[in-house]
Amino acid sequence: MRQLIWWFYRDLKSYQRAPCPRHAAALRARFERLFKRRTGYVMLDRLLARLHRRKHELLRVLDRPEIPLHTNGSENDIRTFVTKRKISGGTVSEAGKNARDVLLGLMKTCIKLDVSFFRYLGDRLGIPTQESIPPLPDLVRQAAQA
């Protein structure tokens, strides 16, 4: 089963590089065969059933090939949170947790948009800078259009 799943994943990556409606239909049918299969091993059968229930999100790449097949970006996004929590032992209050989460999220967004986090904060707090920085939603829209 493991090998069949890895082959399927390899073919999804191949599809992502060269999308084709016929190939997408074949991958959907193959997903059904693969994840509806019963092996006789209870734990494996439960895992396959759970993955089958998530079919829509697992095959989203067939409709949107630009979507990554892995979560490495998401894992990297939360690494800062985890490291900070391990070093400091967490926060004392709920307000502290919220402040940390908001600022780290804002910092990650600024990094992804290639905007200086400290210049962005300074602009929002009214500290004079050379040029003003547009609102974050505008920057995200600009990045999405590029």
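Visitor: In this predicted model, how are helices H2 and H3 oriented relative to each other?

Guide: One compares the N-to-C directions of the two fitted axes, and an angle over 145 degrees counts as roughly antiparallel. The axes of H2 (residues 21-35) and H3 (residues 42-53) cross at roughly 150 degrees, and the two helices are therefore roughly antiparallel. Their axes come within 9 Å.

Visitor: Which residues of H2 and H3 meet?

Guide: From H2 the residues are Phe31, Glu32, Leu34 and Phe35, and they meet Leu48, Ala49, Leu51 and His52 of H3. Classified by type, this contact has six nonpolar, one polar and one charged residues.

Visitor: Where does lysine 36 lie, and which residues does it touch beyond those up to four places away in sequence?

Guide: Lysine 36 is in the loop between H2 and H3. With residues up to four places away in sequence left out, lysine 36 touches Phe31 and His52. The C-alpha atom of lysine 36 is separated by 46 Å from that of serine 88, 52 residues apart along the chain.

Visitor: What span should helix H7 have?

Guide: The expectation rests on a rise of 1.5 Å a residue. For the 19 residues of H7 (residues 94-112) this gives 27 Å, and the end C-alpha atoms are 27 Å apart, which agrees.

Visitor: Which residues of H7 are buried, and which are exposed on the other side?

Guide: Arg100, Leu104, Leu106 and Cys110 are the buried residues of H7. Viewed down the helix axis, they fall within an arc of 160 degrees, so they line one face of H7. On the other side, Glu94, Val102 and Lys112 are exposed.

Visitor: Which residue with positive phi follows H7?

Guide: Aspartate 114 follows H7, with a positive phi near 60 degrees.

Methods
Residues are numbered from 1 along each chain as its sequence is written. This is a predicted model: local features need pLDDT of at least 70, side-chain atom pairs count only at pLDDT 80 or more; totals for chains, interfaces and linings use all residues. Side-chain values use heavy atoms; hydrogens and water are left out. Helices (H or I, at least four residues) and strands (E, at least two) are DSSP runs, numbered from the N terminus. The expected span of a helix is 1.5 Å times one less than its number of residues. Buried means under 20% relative accessible area, exposed over 50%, partly exposed in between (1.4 Å probe, protein chains only). The arc is that of the directions from the helix axis to the C-beta atoms. Axes are lines fitted to C-alpha atoms, for helices over the stretch in contact, and angles run from 0 to 180 degrees between N-to-C directions. Angles under 35 degrees count as roughly parallel, over 145 as roughly antiparallel, 65 to 115 as roughly perpendicular and the rest as oblique. Contact means heavy atoms within 4.5 Å. Ala, Val, Leu, Ile, Met, Phe, Trp, Tyr, Cys and Pro count as nonpolar, Asp, Glu, Lys and Arg as charged, and the others, Gly among them, as polar.
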